[in-house]
Amino acid sequence: MITPDRIEAENNTRARTHARDLDHARELVSRSGSDAELVIAEVARFSAAAPSWALGTGGTRFGRFPIGGEPRTTGEKVDDVAAINALTGANRSISLHVPWDDPADPDALRQYAAERAIAFDAMNSNTFQDNPTTTRDGAITYKFGSLCHSDPAVRDAAVEHNHHCIDLGMRLGSTAIIVWLADGTSFPGQANFRAQFERVLDGLRRIYARLPADWRLFTEHKPYEPQFYSSVVNDWGSSLLLAQGTGDRALCLVDLGHHLPNANIEQIVSRLAMAGRLGGFHFNDSKYGDDDLTTGSIKPYQLFLIFLELLDAGRSKESPEKTRMPPLAYMIDQSNNLKDPLEDLMQATDAMQVALAQALLVDQPALRAAQDANDPALAQEILHRAFRTDVRPLVAEARRRNNAALDPIATYRALAYRTEKIRQRGLNAVATGI
Ligand code: PSV
Ligand code: MN
């Protein structure tokens with residue numbers, strides 16, 4: 001129902017205003033010495049995978065308020081991602097979470113998604129909940145951890161589950177697996193830090209042994225939750241040690257919500273890139289902890305600074321003025337109780353595109369000169385000039401060139417996608433996931 005002709009018709013109603021805004025933005029950009037065409041092209045190239053686990057209303061432990069029309073199957077999740085991708089042009093893949101998604105016929109699902117121009121990004125394994133397949137109906141439990149567990153049978157089950165995710169992902173055309181572990185302790189003395197870490201490293205090596213040659217394994221750190229005293233993979237340092245100890249294709253994934261308050265995430269991004277171990281992202285935003293709020297909704301300047309570091313990592317050695325986004329796995333990982341999840345994802349995508357466009361506007365030679373001259377005031381002026389530029393017309397133009405919507409949210413509402421899905425799937429349809 002969100003078809004190219006309906007999007008075009010909606011775009012036509014905005015065409016004149018867009019043309020005027022775009023002219024103005026071009027002028028602003030060229031006055032500051034940047035090339036608007038390069039910005040539009042790079043934004044148009046960018047894509048972030050949608051999380052299969054956040055296409056339904058996200059709940060908290062205090063309740064869930066379903067919005068209706070949620071996808072009931074992985075196929076319907078693909079439909080929703082295809083719908084938002086048609087509107088944003090920048091969500092060309094879906095990232096699955098097993099066993100919340102464990103398709104019985106992966107070949108058919110791959111075909112179904114391909115017909116809707118949707119690919120499969122990294123697979124997410126789940127050893128933070130027991131599941132009937134690998135934990136054999138309660139005979140084994142992840143209550144006290146998975147790869148870190150003192151019982152080798154539990155560790156074996158967790159490795160087996162990850163192998164299953166890789167096998168499934170191969171059939172879907174995915175080329176990466178994300179291992180996020182809830183492993184840790186909630187009380188001092190509950191377990192030995194070192195023993196837990198060594199068991200996790202051993203488990204990751206066993207998982208890695210199953211990786212096809214063109215696959216990557218991402219370790220995702222998180223300081224606390226669900227365990228509240230220690231996590232085994234608590235920070236980027238532990239994540240880096242694990243990646244380095246596992247193999248060349250083991251890389252670190254940065255989830256923006258997985259840092260202690262006020263951590264300098266952009267510097268972490270720089271360090272991991274420098275070490276050659278930055279692999280992927282889970283984008284979201286937060287005020288206090290792992291709040292999983294919409295990317296860019298709380299700290300847009302931080303998001304801009306992160307994109308600046310990504311462009312730094314993507315800088316070509318031969319011609320340093322050419323900055324491109326490095327080929328990492330960019331994914332969204334957010335969910336909340338209040339918004340329509342599809343609108344939430346489109347807002348996140350827009351925020352990333354805006355941050356990318358602003359980061360592309362930074363006058364790099366001038367910034368380097370200010371840095372070499374030890375002139376922090378000038379360096380700040382240069383960053384702020386880029387950050388405060390209204391790049392929204394450039395981003396809209398990038399979307400238009402991808403045959404997507406000038407205004408995704410307004411178009412989504414005008415085409416009444418949610419109403420139609422409530423009619424088709426029912427008011428009480430509940431998606432698997434968070
Ligand atoms: C954990 O908080 C996390 O960020 C991991 O990526 C999980 O796979 C995801 O959220 C969904 O629970
Ligand atoms: Mn995550």
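Phe218 sits across from Leu251 of strand 9, and that pairing is a handy way into this predicted model. The two strands involved, strand 7 (residues 216–220) and strand 9, run parallel and are held in register by four bridges. On to the next neighbour: strand 9 also pairs with strand 10 (residues 278–283), again in the parallel sense and again through four bridges. Here Cys252 has Leu278 of strand 10 as its bridge partner. To get from strand 9 to strand 10, the chain goes by way of helix 8 (residues 265–274), making a right-handed β-α-β crossover.

What about the surroundings of strand 9 itself? Strand 9 covers residues 250–255, and six of its six residues are buried. Neither face is left open: Ala250, Cys252 and Val254 are buried on one side, while Leu251, Leu253 and Asp255 are buried on the other. Thus Leu251, the residue opposite Phe218, and Cys252, the one bridged to Leu278, belong to opposite faces of the strand.

Asp255, one of the buried residues of strand 9, also turns up in the shell around ligand 1. The rest of that shell consists of Trp53, His97, Asn124, Trp180, Glu220, Lys222, His282, Asp290, Asp333 and Ile434. Sorted by class, the shell comes out as five charged, three polar and three nonpolar residues. Strands 7 and 10 have a share in it too: Glu220 lies within the 216–220 stretch of strand 7, and His282 falls within residues 278–283 of strand 10.

Lys322 gives a rather different picture. It belongs to the loop that links helix 9 (300–314) with strand 11 (329–332). Is Lys322 buried or exposed? With 11 other C-beta atoms within 10 Å, Lys322 counts as exposed, because the cut-off for that label is 12 or fewer. Still, Lys322 has a partner from far off in the sequence: its C-alpha atom is 9.5 Å from that of Leu38, although 284 residues separate the two along the chain.

Zooming out, the chain contains 15 helices and 11 strands. Its radius of gyration is 22 Å, close to the 22 Å that the globule rule gives for 434 residues, so the chain is as compact as a globular protein of that length. The C-alpha trace spans about 65 × 60 × 40 Å along its principal axes. Buried residues make up 49% of the 434. As for contacts between residues at least 6 apart in sequence, 78% of them join residues at least 24 apart.

Notes. Residues numbered from 1 in each chain as written. Chains lettered and ligands numbered in written order. Predicted model: local features only at pLDDT ≥ 70, side-chain atom pairs only at ≥ 80, totals over all residues. Rg over C-alpha atoms; globule rule 2.2 N^0.38 Å. Buried ≥ 20, exposed ≤ 12 C-beta atoms within 10 Å, placed from the backbone. Contact = placed C-beta atoms within 7 Å. Pairing = 2+ DSSP bridges. Right-handed = clockwise from strand over helix to strand, strands pointing away. Near = placed C-beta within 6 Å. Nonpolar A, V, L, I, M, F, W, Y, C, P; charged D, E, K, R; others polar.
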